[in-house]
Amino acid sequence: MAVDVRVIERSDLSALLVALREAGYEVIAPVPGDGSIDYDVVTGDGERPAGFSDEQGPGAYRLKMCDHELLFDFAAGASSWKKFLFPPSLTLFSAQRRQRSFEVLPGTADPPPRAFLGVRACDLAAIDIQDKIFLGGAFVDPSYRQRRKDVFIVAVNCTRAGGSCFCASMGTGPRVSAGFDLALTELKIGERHCFTAEPGSDRGEAVLARLGSPPAGPALEAEARSASARCAASMARQMVTDGLRDLLVQNQEHPRWRDVASRCLACANCTLVCPTCFCATVQDVTDLAGERAERIRVWDSCFSAEHSHLHGASVRRTTRSRYRQWMTHKLAYWIDQFGTSGCVGCGRCITWCPAGIDITEEAAAIRAGGATTTAPNSGG
Ligand code: SF4
Ligand code: SF4
C-alpha cells in the first residue's frame, strides 16, 4: 500500500513537538549532554539545538559543532532509549516503619505517556528486541509494559553513518521499516532545509493532519531514500552474520578469547551502553535509622564477578569467560532465546570501550580460524 509521505519545513518542526505535547505526550528528544548526545524532556517552544555532530571510533567520541545547522547529524551517543523503558534504577517497593509495624509503599511511579523524537533505526530495532525480552515470554515485566504501551515514536532515518556504526550489515538500518508512528528524514537541498515525514500508524497520520503538512512529492521522497542509501554505503564496519551463531557456539576455546581478555578491563561499559542488554540485579537498602527500606532493581552486567556468583563462587572467574559469555550470548544464544540477534549494530560498545575493543573485529578474528571445539560455558 502506498504511503502518503509529507514534508515538514525546518521552521515548522517545533510545531510538531508542540502538537505532540498538546496530544498529551511528554516529548523526549536528543540533546547535547555531558560531552555526548543524550536524551531529555523537551520544554519551552520545542526548538531543537542545531549544528551538532560527532566523531566516533574504537574508544573515541567527540561531540563537535558544525555550521551546517542540521538537527540530527550525529550517530548514537552513550545513552539510549533503554533508560526510559528499562530504567537504570527502579524502586520496586519500599517499607516505612509505623510504630511496631511497617507500611509497604509502592515503588517508582509510572511516567506519563511519552513521545520519543529522534529514534534511529538501530535503536528502534533495539526497542523491538527488548519488547521480546520483557513482554514476549511467560514472564512480563510490569514496569516495562507500562512505560512502553503508549510511547509515540518519531523515528529519524540516518543520512550520515557514525564511525562505529554497522547497522546495515545487521539488517537493522539506517532506514526504519516498521514500528514507528512517524519517520522523518532530514534534508538540506541548497537553501531548503526540510524533513520528509512518513506516517507509520493512525496516530502518526493524525499528527500530520493536525500540522497540515503537504505531500512531499516524488523528488523529495527519492532524495530521502538516496540519502539513506548513501549512508548505508558509507558504513566502514560490518558484521558478517552468515553462520555466526554456529561459528561462535563451536569455538568456545578459540585462542582469540584469551587475546581479547588480555585487553578487556571487565569494566562493563559495553553492556551498560548497549541498547539491548538487560541484565539486572535487586538490592535491598535501608536508611541508617532503620526507619525505611527499599527494594531497588538496578542494571547489572555479565562482566561483573558478582553477576555469575552461584553457591559460594562465581562460575565465570576470568575475564576470558565473561567476554566470551557476553559475545556468544549477544550474537548466538540470543537467537535461541529470542529468535533474533542481540546486536543491532549501533556501535556503542565499540565507541565506549576504553580499550577500543571492536565486536566486529573479534567476530572476524574467530571466523578467520584457529579453532578448537569444546563444551560451552567451561568457566575458565
Ligand atoms: S553489542 Fe554493541 S553494537 Fe551491538 S547493539 Fe550492543 S552496543 Fe550496539
Ligand atoms: S569489552 Fe571494553 S567496554 Fe566491555 S568490559 Fe571489556 S574493556 Fe569494558
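Here is a short walk through a predicted model, one selection at a time.

Start with strand S1, residues 6-9. Show its side chains and you'll see them alternate: Arg 6 and Ile 8 point to one face and are buried, while Val 7 and Glu 9 point to the other face and are not buried. Now add strand S11, residues 192-199, which runs antiparallel to S1 and is joined to it by four bridges. To find your place in the pairing, pick Ile 8 and look across to Phe 195 in S11.

Next, select helix H6, residues 202-211. Colour Gly 204, Val 207 and Leu 208, the buried residues of this helix. Look down the axis: they sit on the same side of H6, because they cover an arc of only 95° around it. What do the buried residues of H6 pack against? Bring up S1 again, along with helix H1 (13-22), strand S10 (182-189) and S11, and you have the partners. Then flip to the face turned away from the buried side, where Asp 202 and Ala 209 are exposed. Just after H6 comes Gly 212, with a positive phi near 70°.

Now for the ligands. Around ligand 1 there are 13 residues, and those that come nearest are Cys 274, Cys 343, Cys 346, Arg 348 and Cys 349. By class, this shell has eight nonpolar, three polar and two charged residues.

Finish at ligand 2. Its surroundings include Cys 264, Cys 267, Cys 270 and Cys 353, as well as Asn 269, Phe 303, Pro 354 and Ile 357. How many charged residues are in the shell around ligand 2? None: the shell divides into 11 nonpolar residues and one polar.

How values were computed: Residues numbered from 1 in each chain as written. Chains lettered and ligands numbered in written order. Predicted model: local features only at pLDDT ≥ 70, side-chain atom pairs only at ≥ 80, totals over all residues. Near = placed C-beta within 6 Å. Nonpolar A, V, L, I, M, F, W, Y, C, P; charged D, E, K, R; others polar. Buried ≥ 20, exposed ≤ 12 C-beta atoms within 10 Å, placed from the backbone. Helix = DSSP H or I, 4+ residues; strand = E, 2+ residues; numbered from the N terminus. Pairing = 2+ DSSP bridges. Arc of directions from axis to C-beta. Contact = placed C-beta atoms within 7 Å.
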